[in-house]
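Biologist: Please take a close look at one part of this model, the place where its helices meet, and explain each term as you go.

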Amino acid sequence: MACFTVPLVESVVVTAVEKAEEKRESNTAEQGKISTGKAMIPLSRKFKWLNGMLLGGSALLAFEHVWHGEVTPWFPFLTAMSDKADAMEMLHEISTVGVSMAALVTAAWFGICVAAEAILKRSADEAEKTTV
Amino acid sequence: MTLLISVFAAVFVTVKWYNRKNDDMQIGILVFMFWGASLMWLVDAIFEYVELGAEYFEPAPADMLNDAFLGLAVVALALVIWVVRLLITDPKGSVRSALLKVSRKNS
């Protein structure tokens with residue numbers, strides 16, 4: 001009914017965090033604080049991946065809801081809002097399906113980040129072996 | 001059916017992204033979009049399976065056709081979003097050079 005709103009709200013929060021992190025990283029780079037010698041993926045880039053999944057996924061799900069007539073271009077935008085019983089059902093769906101969607105996408109993103117760091121570490125180790 | 005089409009699209013664009021020569025085509029946006037939507041529809045499918053049980057795997061032909069139609073429409077929408085973004089960001093400078101060519105001809 002409106003499950004896509006939870007990942008959509010999360011993506012708004014992630015965008016704000018991503019911008020703040022980008023600013024912090026550019027400040028640190030200007031001050032020349034980075035140089036641990038190891039190749040690292042910036043946190044802002046990782047947030048971009050999460051945002052891509054959350055925003056892209058909720059955009060396509062929003063289209064599905066328009067297709068099924070659950071979202072309209074006029075107020076109150078969600079057809080379930082016009083009836084109290086439907087509104088309650090919608091809120092229940094948001095709190096169960098919507099939250100689970102956001103949680104699964106975030107968990108998948110966490111897995112991607114761990115895998116990306118492992119791949120980077122592996123290639124750094126291989127490069128070290130060939131130089132020794 | 002929508003979930004299946006979305007997963008196939010996600011796998012296809014991921015393979016395309018893996019075999020890319022450079023990032024000019026910005027396929028990454030499609031990869032994240034399709035995987036994000038697939039995960040969300042997977043959750044939807046799990047909840048529906050819990051509610052319906054084995055009946056979930058025996059959809060009516062009309063529902064299946066409508067879901068397939070929706071799946072293809074979703075893929076089309078994602079491709080439109082991607083191509084519009086590609087033209088606006090113009091990483092290869094093709095749009096810019098085409099516009100400059102036109103403006104040079106006019107002047």
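Modeller: A residue is called buried if 20 or more other C-beta atoms lie within 10 Å of its own, exposed if 12 or fewer, and partly exposed in between, with C-beta atoms placed from the backbone. Helices are DSSP runs (H or I, at least four residues), as are strands (E, at least two), numbered from the N terminus. This is a predicted model, in which local features need pLDDT of at least 70 and side-chain atom pairs count only at pLDDT 80 or more, while totals for chains, interfaces and linings use all residues. Residues are numbered from 1 along each chain as its sequence is written, and chains are lettered from A and ligands numbered from 1 in the order in which they are written.

One helix can be set aside first: α4(B) is hardly covered, with zero buried residues among its 13.

Now the meeting of the chains. Two residues are in contact if their C-beta atoms, placed from the backbone, lie within 7 Å. By that rule, 19 residues of chain A touch 18 residues of chain B. On the chain A side, α2 (43-67) and α3 (84-131) each supply at least two residues, and α2(A) gives the most, 12 residues. Ala, Val, Leu, Ile, Met, Phe, Trp, Tyr, Cys and Pro count as nonpolar, Asp, Glu, Lys and Arg as charged, and the others, Gly among them, as polar. This side of chain A then has 14 nonpolar, four polar and one charged residues.

The partner of α2(A) to look at is α2(B). Axes are lines fitted to C-alpha atoms, for helices over the stretch in contact, and angles run from 0 to 180 degrees between N-to-C directions. The axes of α2(A) and α2(B) are 7 Å apart, at an angle of about 60°. Their crossing is right-handed (the near helix is turned clockwise from the far one by less than a right angle; anticlockwise would be left-handed). Among the residues that meet are A:W49, A:G52 and A:L60 in α2(A) and B:I29, B:M33 and B:G36 in α2(B). By class, this contact has 12 nonpolar, four polar and no charged residues.

α2(B) also packs within its own chain. Its axis and that of α3(B) come within 10 Å and cross at roughly 150°. The two helices are therefore roughly antiparallel (over 145 degrees; under 35 is roughly parallel, 65 to 115 roughly perpendicular and the rest oblique). B:I29, B:L30, B:M33 and B:F34 in α2(B) meet B:A78, B:W82 and B:R85 in α3(B). That contact has six nonpolar, no polar and one charged residues.
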